[in-house]
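Here are some friendly notes to read alongside the model. Please keep the structure open as you go through the points.

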Amino acid sequence: MDWGMKNRMSRLLKPETGKGVWLAIDHGYFLGPISKLEEPGKAIRPLVGFTDALMLTRGVLRNCIGANLDIPIILRVSGGNSIVGPALSDEGIQTSMEEAIRLNASAVALSIYIGTEHEHKTLMALGELVNQGQRYGIPVLAVTAVGKELAKRDARYLGLCCRIASELGAQAVKTYYCEDFEKVAKACPVPLVIAGGPKLKTELDVLKLAYNAIKEGAKGVDMGRNIWQSDNAVGMIKAIRKIVHENASVKEAGKLLK
Ligand code: 5RP
């Protein structure tokens with residue numbers, strides 16, 4: 001890895017722990033104004049102090065986030081689909097690498113839809129983004145998206161997706177936690193972070209998810225709804241930090257929810 005690429009990665013995964021707590025607020029790019037993210041700037045204000053990186057689109061970055069923000073940006077550069085459209089997997093690159101550089105992004109992110117009719121298109125987009133990222137020293141985060149098919153999230157499928165993403169050159173991969181997650185992590189030679197997915201029943205369920213993922217090989221979380229849709233969003237992110245950066249147990253971390 002060249003110096004610029006290494007430097008950007010070290011801002012995303014803290015050198016002290018090799019891990020990261022990233023906050024994802026990019027959901028609006030296909031879901032529109034979902035609950036508690038109607039005003040993204042307001043939603044993240046109390047959380048940025050506890051966040052190692054912010055994942056979002058250029059529209060929200062330019063319009064809702066102050067340019068004095070002092071945490072790395074993971075810029076969502078894929079899109080072109082919507083929750084009411086014909087196929088969520090029909091996604092392409094809609095923000096250029098030039099824009100990412102102009103916006104001082106520390107990484108760019110795109111979704112890949114393996115096993116769908118648009119598999120080839122999204123994997124070719126990943127390859128092209130990696131080529132451009134290599135040229136400018138910008139890491140690429142590949143997101144193993146499942147669209148509405150949440151039941152797809154098992155180790156066999158996610159293991160396949162994560163491995164393919166890393167083989168095609170992604171510097172980091174974002175996936176879901178699943179049973180046998182250690183098999184997914186072991187077979188993916190680049191840092192793996194987990195999404196939270198739709199809001200879980202309890203706060204402790206979220207902490208358990210984060211704890212198990214870290215124990216089984218994840219390098220961090222890139223979570224959204226289970227943090228900012230919580231009535232205790234600050235408590236949640238603090239507790240997740242404790243697990244990711246301090247290897248705290250669920251019980252120890254849970255004390256920060258009070
Ligand atoms: C959408 C994304 C989201 O950033 C991701 O799903 C993380 O958010 P959540 O924890 O709410 O699932 O990449 O494709």
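How do the residues of the shell around the ligand divide into nonpolar, polar and charged?

1. The shell divides into six nonpolar, six polar and three charged residues. Here Ala, Val, Leu, Ile, Met, Phe, Trp, Tyr, Cys and Pro count as nonpolar, Asp, Glu, Lys and Arg as charged, and the others, Gly among them, as polar. A word on the source: this is a predicted model, in which local features need pLDDT of at least 70 and side-chain atom pairs count only at pLDDT 80 or more, while totals for chains, interfaces and linings use all residues. Residues are numbered from 1 along each chain as its sequence is written.

2. Around the ligand there are 15 residues (C-beta atom, placed from the backbone, within 6 Å of it). The closest are Ala24, Ala195, Gly196, Gly224 and Arg225. Strand 10 (220-223) and helix 10 (225-228) are the elements that give two or more residues to this shell. Helices (H or I, at least four residues) and strands (E, at least two) are DSSP runs, numbered from the N terminus.

3. Alanine 195 sits in the loop between strand 9 (192-194) and helix 9 (203-215). Is it buried or exposed? Alanine 195 is buried, because 24 other C-beta atoms lie within 10 Å; the cut-offs are 20 or more for buried, 12 or fewer for exposed, and partly exposed in between, with C-beta atoms placed from the backbone. Leaving aside neighbours within four places in sequence, alanine 195 is in contact (C-beta atoms, placed from the backbone, within 7 Å) with Ala24, Lys174, Tyr176, Asp222 and Met223.

4. Lys174 belongs to strand 8 (residues 172-175), where Ala172 and Lys174 point one way, Val173 and Thr175 point the other way, and all are buried. In a regular strand the side chains alternate between the two faces of the sheet.

5. Strand 8 pairs (at least two DSSP bridges) in the parallel sense with strand 7 (residues 140-144) over three bridges. Valine 143 stands opposite lysine 174. From strand 7 the chain crosses through helix 7 (residues 155-167) to strand 8 in a right-handed β-α-β crossover; right-handed means that, with the strands pointing away from the viewer, the path from the first strand over the helix to the second runs clockwise.

6. Strand 8 also pairs with strand 9 in the parallel sense, over three bridges. Threonine 175 has isoleucine 194 as its bridge partner in strand 9. Together with helix 8 (residues 181-186), strands 8 and 9 make a right-handed β-α-β unit.

Key: Two residues are in contact if their C-beta atoms, placed from the backbone, lie within 7 Å.
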